[in-house]
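Colleague: I have the model open here and would like a close look at one part of it. Could you pick a strand and walk me through what surrounds it?

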Amino acid sequence: MRIVDIETFLMQVDAPNLRGWASDGSFGTTATRQGLVGTRNWLFVKVHTDEGIVGIGECSGWPRVIQTAVQDLKSILLGEDPTHIERLWQKMMCAIMGHGMVGTVGGGAMTGIDMALWDIKGKALNTPVWNLLGGKVRDRIRIYAHANTAEVALSLKKRGITAIKCGGVSDPVRKVAMLRDAIGDEMDLMIDLHGPPWLTPADAAQVARALEPYRLMFVEDPIAPENLDGFRRIRDSANVTLAAGERMATVYGLRELIEKNLVDIVQPDTGRAGGITQMKKIAAQAEAHHIMMAPHSGSLGPVAEYAALHVLAAIPNGLILERIEDDWAGRAQTVVPHPLQENGFLKVPDAPGLGVDIDEAFVKKHPSECNVSIPGTAKSGAYAEGTYDEQVYVQTRLKRGVYFPRG
Ligand SMILES: [Mg+2]
């Protein structure tokens, strides 16, 4: 079998808006053509073979940029046997290394292609990808959803969801206390402090200690991921379960976080960590340190979610999968079939390969317009020292008082 073509499908996910993280459509709501910055794109990849088998994959990381990277990589993959996945991954890595450290953009490009190669292999052998990865450890994957208010948390609980995560940009301890009070003890609760250095390691350690009584499943990205020494400080001073890794890619990118035991849970993103090939290896790296894996899914589209289900089915240390419930009505129309959660779980797919395809006509109806975003409000551009709008990466942005319980 030979690779004869690689196609990309880039789409805009919900309406462009003025604010919000690229990874989380829930922040932005104002559709406008003026000062366009926000929202997500999804990039799907199809690898065509001379035997008519087509593999599907997805790249997150910075989809509009990655589309060009995938087209560049195509030139070294045409004519290759798609079943030699490891060799082709190594070939892509060598092709990229001259551009610098791989990161999630290079990782995202390799991811979509790698995912499609696993899909082709599964289809060729008439077996699901989880079977190629060693078989099933579990038949269904527990998911968690996002909730920042008691109302949303309770509606998710009613729908059977058993775990929720809130975002902790300001006053995280108070928010966690409010949510724990609303949902009771039977649901799992976690918080994402989102990583930019608005907390110093000393502040983050204090926040982590204040969160101890709420029995969180994990505290995510308390400080910027570049600051691994800071993670050590937090770890040594607070008795909370730490999670990180969503902005890192490949076994090389996550190595120190795991080997130095800086977290209890690693969160590589299935759409940009380097593909199923790397997810499986990162899981093994983590397993050796008794670290669990809970893949990030903030920016993921529905094809990468399928890949996560196969990986989590096959690894012993798969903890839970992030899933943004109801992020965009078009999610369900983008893929066939669209998986539905039941009692807080997604079923592991049993069809050959990944078991999913995109609706190309629907994807083409949503052409990409923009895919860069910035935190802050529509007033962005004003210099607002010590606030969310200051937009200076290296300095603590928010007034420290908002992080701590008062009185
Ligand atoms: Mg996160």
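Modeller: Let's start at a turn: strand 2 and strand 3 make a hairpin, with four residues between them. Within that turn sits Gly 52, whose phi is positive, about 85 degrees. Keep in mind that this is a predicted model.

From the turn, follow the two arms of the hairpin. Strand 2 covers residues 40-49, and strand 3 takes in residues 54-59. The two run antiparallel, joined by six bridges. If you want a pair to click on, try Phe 44, which has Glu 58 in strand 3 as its bridge partner.

Strand 2 has another neighbour too, namely strand 1, residues 3-13. That pairing is antiparallel as well, with 10 bridges holding strand 1 to strand 2. Here a handy pair to look at is Gln 12, standing opposite Asn 41 of strand 2. So how buried is strand 2? Eight of its 10 residues are buried, which means the strand is largely enclosed by the rest of the structure.

While you have the model open, there's also a helix pair to look at. Helix 10 (residues 276-287) packs with helix 11 (residues 302-314) at an angle of about 35 degrees, and their axes are 10 Å apart. The crossing of these two helices is right-handed. On the helix 10 side you'll find Ile 276, Met 279, Lys 280 and Ala 283, and these meet Ala 307, His 310 and Val 311 of helix 11. Sorted by class, that contact comes to five nonpolar residues, one polar and one charged.

How values were computed
Residues are numbered from 1 along each chain as its sequence is written. This is a predicted model: local features need pLDDT of at least 70, side-chain atom pairs count only at pLDDT 80 or more; totals for chains, interfaces and linings use all residues. Axes are lines fitted to C-alpha atoms, for helices over the stretch in contact, and angles run from 0 to 180 degrees between N-to-C directions. A crossing is left-handed if the near helix is turned anticlockwise from the far one by less than a right angle, and right-handed if clockwise. Two residues are in contact if their C-beta atoms, placed from the backbone, lie within 7 Å. Ala, Val, Leu, Ile, Met, Phe, Trp, Tyr, Cys and Pro count as nonpolar, Asp, Glu, Lys and Arg as charged, and the others, Gly among them, as polar. A residue is buried if 20 or more other C-beta atoms lie within 10 Å of its own, exposed if 12 or fewer, and partly exposed in between; C-beta atoms are placed from the backbone. Two strands pair if DSSP finds at least two bridges between them.
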